[in-house]
Amino acid sequence: MRHVHFPAQRLAGAAAASAGLAAAPVRRIGDKARWYLPAALTADFLGAAVPVGLVFQAAQQVRPVYCALGAALAWTGVQAVRRRYASRALGESRGVLPVLHDWLILIGVLAVARVVTGESTPRLSALGALLPALLVTVACHKLTYRHLSAARREAHAVSRVLVVGEPGAAGAVIEHLAARTDHPYVVVGVVPVGAGPLEGGVPVAARLDESAPEAPNADSTAVLGAVRSHHADLVLVAPGARISGERLRKVAWALHDAGLELAVFPGLVEVSVKRLETLSAGGLAVLRVAPPVGRGVQTVLKSVLDRTGAAVGLLLLSPVFLGIVLAIRLGSRGPAFYRQRRIGRDGVPFVMWKFRTMVVDADRLKNELSGANENDGLMFKIRRDPRVTRVGRLLRRTSMDELPQLFNVLSGHMSLVGPRPPLPEEVAQYDEVELRRLTVRPGMTGLWQISGRSDLSWDETIQLDLQYVDNWSFTSDVDVMGRTLRAVVDGRGAY
C-alpha cells in the first residue's frame, strides 16, 4: 500500500501556525504572490493587443490600434467573466483545454463584433493574430503554477484547515492531505468526535461528545472556538455515524452565520469532479458518481485519434526512424529494434516494439543487477544503468526509443494515451486493485510520464494509472498529449 510520508515544511508550518509562532508563518490562500494578478492581466492584454495590432496594420486596416485594444479588452473580459482572475483561480493548474475553451469564446465574441462593425480583415489573418493570445496565456499559467507549486511545497500560499470527524476518519483525511503537495490545504487542528487516538502530530483543538450533546449549541460553540483559536479558513468534516444529519446541520448553520466556510469529505478519493453530480432526494443531499466512460462517442473518437495519429506519425517520422536505426547499428552490436512481451487490455499479452537502447544481453544481466534496483515496487529501474548504450541514453532522454510503439497503436494493442504497459512478471504479482489498470489499453504516454516517469514510486505510478482508468475522457487524452511534449523536453525521470 501507499507509504505515507508527511512533508516536513507542511507539518512544521501547521504546528507553528496553530501555536501562533512568528518564526514559521503560514500564508493563507489569499496571500499568493502579489504579482500573479498583474502578470496574468498584462500577459493576456499584450498577448492579444500586440499581435492583432501588427497583423491589422500589415493588412492596412483603417483602425489597427482600436482593433488591437478591442481584442485585448475582449480577451481579458472573457476571462474575467469566467472568473480566471479570482484569487482562488490564480496560479492553479488548469491545463490547456480550459484556456482553449476561453479562446473559442473569444473567437465567437469577436466574430459578432466583426459583423456589427463591418471589419474586413481576411478571416485567416484575423484568426492567426489571435493565436498568440492563447499561447501567451498558457505560458503565463505554467509560470504561475510552477511558482505556486514550489511555494506550497514550502507550506506557503495555503488554506488553513480544521478537520472535524471521528478519530479514524479524521486521521485518514489528515494523512492523505499531508502526504501530498498538489493542493492548498494545511491542517492546523483537528476536532475529534468521541474518544480515540490520533496520529500525525496535528494538535487537538477541541473534542466533541460521541453522541449529540444535551446542551444546545455545544458542538457549534466548540467548533467555532477551535476555528478562532487556530485561525482556520475552512472547516472540513469527515462525516460518520457520530456526526451527520441534524448534528452536522447545526454546525453548518453556526459556521455560515459566522461567515466561515464548511466542506464535507464524502469518502471518495481520486474521482474527477466531472463525474460528480449533486442531487436532492426528499431533502437529502446526494452525491451521484457517474461510471467511467466505457463506450459511446468518446471511445470512437479515441480509436480514430489513435489509428490516425499513429499512421500520420509513422509517415512523417520515417526519415527519423532511418536515422535512429543507423545510429543504433553504428553505435553497438545488435539489432536496431527491441521486442518485449507486455500485458495489454484485459490481460492479453502482446509484443511491444522499441528502439534498442541497451546491449544485446541486457535481459541476462538484469538478474545480476537486481540488488541495484532503485524502484520501490515491481518495476526495475536504475538511474545509471550500465547496460544502456551511449546512443540509447540519448534516445531515453528524449523518449525517442518509444517511437516504434506507433506500430502497436496502429495494430490496436496500445493507445496513444493510457497506463504504462506492464511486464508479465509484474502482472503476476498484482493485487485486485492493481489489476484494474488492465481494463484499458496501455499507452505510449500517460499521467505517469507527465508526472515524473521513473522518479515516481511504485505506489504513485499505480495511483496515477488508476486515476486515468476511472476518470478517462477524450479531452483528458488531448490534454495529456499536449503536456507530454513539455515532459519530453524537460526530461525529468527519463533514464
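Which side chain meets E246 in a salt bridge? Select R249: the two side chains meet with 3.5 Å from N to O. A salt bridge here is a side-chain nitrogen of Lys or Arg within 4 Å of a carboxyl oxygen of Asp or Glu.

Before going on, a word about what is on your screen. This is a predicted model, in which local features need pLDDT of at least 70 and side-chain atom pairs count only at pLDDT 80 or more, while totals for chains, interfaces and linings use all residues. Residues are numbered from 1 along each chain as its sequence is written, and side-chain values use heavy atoms, with hydrogens and water left out.

**The whole chain**

Start zoomed out, with a cartoon view. The protein chain has 17 helices and ten strands. Helices (H or I, at least four residues) and strands (E, at least two) are DSSP runs, numbered from the N terminus. Of the 495 residues, 44% are buried. Buried means under 20% relative accessible area, exposed means over 50%, and partly exposed lies in between (1.4 Å probe, protein chains only). Among contacts between residues at least 6 apart in sequence, 72% join residues at least 24 apart; a contact means heavy atoms within 4.5 Å.

**Stop one: helix α8**

Now return to the opening pair. Both E246 and R249 sit in helix α8 (residues 245–257), three residues apart, which is about one turn of the helix. E246 is partly exposed at 42% relative accessibility, and R249 is partly exposed too, at 43%.

**Stop two: two buried salt bridges**

Select K354 and D401 next, whose side chains form a salt bridge of 3.6 Å, N to O. K354 belongs to strand β8 (residues 349–355) and D401 to the loop between α12 (390–398) and α13 (405–411), so this pair ties together parts 47 residues apart in sequence. K354 is buried at 14% relative accessibility, and D401 is buried at 3%.

Then move to R437 and D465, where the salt bridge spans 2.3 Å, N to O. R437 is in the loop between α14 (424–427) and β10 (443–445), and D465 is in helix α16 (residues 458–471), so the pair ties together parts 28 residues apart in sequence. R437 is buried, with a relative accessible area of 2%, and D465 is buried at 1%.

To see salt bridges sharing partners, select R82, R84 and D102, which are joined into one network. The count for the model comes to twelve salt bridges.

**Stop three: α2 against α3**

Two packed helices are described by the angle between their axes and the distance between the axes. Select residues 36–58 (helix α2) and 64–81 (helix α3): they pack at an angle of about 150 degrees, with axes 8 Å apart. That makes α2 roughly antiparallel to α3. Axes are lines fitted to C-alpha atoms, for helices over the stretch in contact, and angles run from 0 to 180 degrees between N-to-C directions. Angles under 35 degrees count as roughly parallel, over 145 as roughly antiparallel, 65 to 115 as roughly perpendicular and the rest as oblique.

Show side chains at this contact. On α2, the residues include L41, F45, A48, V52 and F56, and on α3 they include C67, A71, L73, W75 and T76. The contact residues divide into 14 nonpolar, four polar and one charged. Ala, Val, Leu, Ile, Met, Phe, Trp, Tyr, Cys and Pro count as nonpolar, Asp, Glu, Lys and Arg as charged, and the others, Gly among them, as polar.

Pause on L73 in helix α3, which is partly exposed at 49% relative accessibility. L73 and F45 lie 28 residues apart in sequence and 7.0 Å apart in space, C-alpha to C-alpha.

**Stop four: α3 against α4**

Keep α3 selected and add helix α4 (residues 96–117): the two pack at about 130 degrees, with axes 9 Å apart. That makes α3 oblique to α4. Here A71, A74, W75, V78 and Q79 of α3 meet V99, D102, W103, I105, L106, V109 and L110 of α4. By class, the contact has ten nonpolar, one polar and one charged residues.

**Last stop: V193**

Is V193 buried or exposed? At 0% relative accessibility, V193 is buried. You will find V193 in the loop between β2 (185–192) and α7 (218–230). Leaving out residues up to four places away in sequence, V193 touches V164, G165, E166, P167, L208, D209, E210, R242, I243 and R247. Finally, draw a distance from V193 to A169: their C-alpha atoms, 24 residues apart along the chain, are separated by 9.9 Å.
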